[in-house]
Amino acid sequence: MPKLPDIARNPLAFIAARWTPDPVTVRRAALAALVMSVVIVVTGGAVRLTASGLGCPTWPTCSGDSLLGTREMGVHHAIEISNRMLTYVLCAAVGWAIIAIRAMEPRRTGLYRLAWAQFWVVVGNAVWGGLTVLTKLNPYVVSLHFLLSAALITVAVLTWQRVDEGDASPRPLVGKPVRQLGQVLAGATAVLIVVGTLVTGAGPHPGDSSTAHKVQRIDVDWKTIAQLHADFAWVVVGLTVALWFVLRAVDAPRGPQRRVAELFGVLMGQGVIGYVQYFTHLPAALVDLHMFGASLVWIALLRVLLAMRERPVYEPGAVPAPAVTRQQAQEGVLR
């Protein structure tokens with residue numbers, strides 16, 4: 001049986017053996033994956049807010065045996081199928097990050113696994129997105145679809161951060177009580193986002209404009225849930241301010257202080273959007289902008305937590321092994 005060429009047997013190893021990206025290239029690849037993970041949130045929100053959630057009434061095909069559907073299906077179909085196609089762009093961005101990280105020297109197994117974790121979260125969320133169509137936009141299924149997008153953003157932020165770090169064990173830059181306050185802030189922010197999805201599930205944007213099927217909604221007054229959401233938002237703002245004062249009081253490094261200030265700024269912008277959309281009865285454009293803001297709040301929160309520790313290149317006291325380039329390794333094999 002003829003032997004398969006190297007590029008067919010292990011394409012990533014084949015590329016890594018012939019190309020070593022510089023750190024800037026790897027960083028940009030990881031950032032591109034993060035940016036696309038936010039873009040897919042915004043476009044997914046636009047699908048629902050334009051009542052295009054069932055523009056393709058089936059999944060994984062669009063209609064019957066047709067993967068893409070037809071132009072005659074109308075503008076809602078065009079919006080929905082465009083969002084589905086963006087999933088392939090997201091996969092391409094994540095794939096580029098995987099390739100760049102695999103080709104790094106020296107090889108970083110932990111970072112490589114994080115990059116692959118992004119891919120599997122994308123696949124899982126794409127399948128879950130299909131389930132939202134098959135369940136005719138069940139609001140609980142749609143809510144979890146957004147939360148899975150938040151999980152993707154989490155892994156993308158971790159990957160982007162780890163590119164600039166070493167692989168040694170993390171070392172805290174602030175004391176345990178400060179880190180615990182940060183964890184409480186993270187928990188409150190997570191609850192804030194979950195309650196926000198319930199507002200969406202009860203609000204006036206079910207995601208489908210047709211009269212053929214009545215889309216299920218969460219059976220509560222959306223204004224009541226919105227008030228609860230606002231209450232949690234003020235809790236998160238209060239914890240953020242408290243964390244900033246504590247970091248100042250303990251003379252923490254500039255990094256954590258700067259990240260908390262960034263989070264506060266994002267929260268203020270998100271709060272303005274939230275109150276304006278509430279008093280204007282949830283116009284679609286502002287709701288989608290609020291979803292974008294929610295992604296930024298979560299990213300800023302993750303950066304706060306990550307700024308509270310550092311990861312050196314080597315463990316304390318460890319003696320680094322001499323670096324061996326691919327050319328030296330190949331010469332060694334030839335000898």
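**Note on the predicted model: salt bridges, cores and confidence**

1. Glu262 and Arg303 form a salt bridge, with 3.9 Å between the closest N and O atoms. Because Glu262 belongs to helix α9 and Arg303 to helix α10, this pair ties together parts that are 41 residues apart in sequence. The two partners differ in their surroundings, since Glu262 is partly exposed at a relative accessible area of 33%, whereas Arg303 is buried at 18%. As with everything below, this comes from a predicted model.

2. The structure holds 9 salt bridges in total, and another of them joins Arg84 to Glu80, whose closest N and O atoms are 2.9 Å apart. Here both residues lie in helix α4, separated by 4 residues, or about one turn of the helix. Arg84 counts as buried because its relative accessibility, 13%, is under the 20% cut-off, and Glu80, at 6%, counts as buried as well.

3. A network of salt bridges links Arg108, Arg162, Glu165, Asp167 and Arg309. Within this group, Arg162 forms a salt bridge with Glu165, the closest N and O atoms being 3.7 Å apart. Arg162 is buried, with a relative accessibility of 10%, and Glu165 is buried too, with 12%.

4. Turning to the nonpolar interior, the largest nonpolar core has 56 residues, of which Ile153, Leu243 and Leu263 touch the most other members. At least two residues of this core are supplied by each of α3 (23-49), α4, α5 (109-134), α6 (139-163), α7 (176-202), α8 (222-249), α9 (254-279) and α10, and α10 gives the most, with 10 residues. Apart from this core lies another, of 10 residues, which includes Trp222, Ile225, Ala226 and Val287.

5. Which residues does Leu263 contact, once its neighbours within four places in sequence are left aside? They are Leu185, Thr240, Val297, Ala300, Leu301 and Val304.

6. On the outside, Leu67, Leu68, Met85 and Tyr88 make a nonpolar surface patch of about 410 Å². Tyr88 is found in helix α4, and this residue counts as exposed because its relative accessibility of 54% is over the 50% cut-off.

7. As for the overall architecture, the secondary structure comes to 11 helices and 2 strands, arranged along the sequence as α-α-α-α-α-α-β-α-α-α-α-β-α. The C-alpha trace spans about 75 × 65 × 25 Å along its principal axes. Of the contacts with a separation of 6 or more, 78% are between residues 24 or more positions apart. Among the 335 residues, 41% count as buried, while the protein exposes about 17600 Å², with carbon and sulfur atoms supplying 67% of that area.

8. Finally, a reader should weigh the confidence of the prediction: the mean pLDDT is 89, and 91% of the residues reach 70 or more. Among the elements, helix α10 (residues 284-307) has the highest mean pLDDT, 96, and helix α11 (residues 326-334) the lowest, 45. Over residues 326-335 the pLDDT is below 50, and beyond near neighbours in sequence this stretch has 10 contacts in the model. Where pLDDT is low, the predicted coordinates should not be read in detail.

Conventions. Residues numbered from 1 in each chain as written. Predicted model: local features only at pLDDT ≥ 70, side-chain atom pairs only at ≥ 80, totals over all residues. Heavy atoms only, no water. pLDDT = per-residue confidence, 0-100. Contact = heavy atoms within 4.5 Å. Patch = residues over 30% accessible without salt bridge, like charges linked within 9 Å, V, L, I, M, F, W, Y side chains within 5 Å. Areas by Shrake-Rupley, 256 points an atom, 1.4 Å probe, with all protein chains shown as cover. Salt bridge = Lys/Arg side-chain N within 4 Å of Asp/Glu carboxyl O. Buried < 20%, exposed > 50% of the residue type's maximum accessible area, 1.4 Å probe, protein only. Core = buried A, V, L, I, M, F, W, Y, C linked by side-chain atoms within 4.5 Å.
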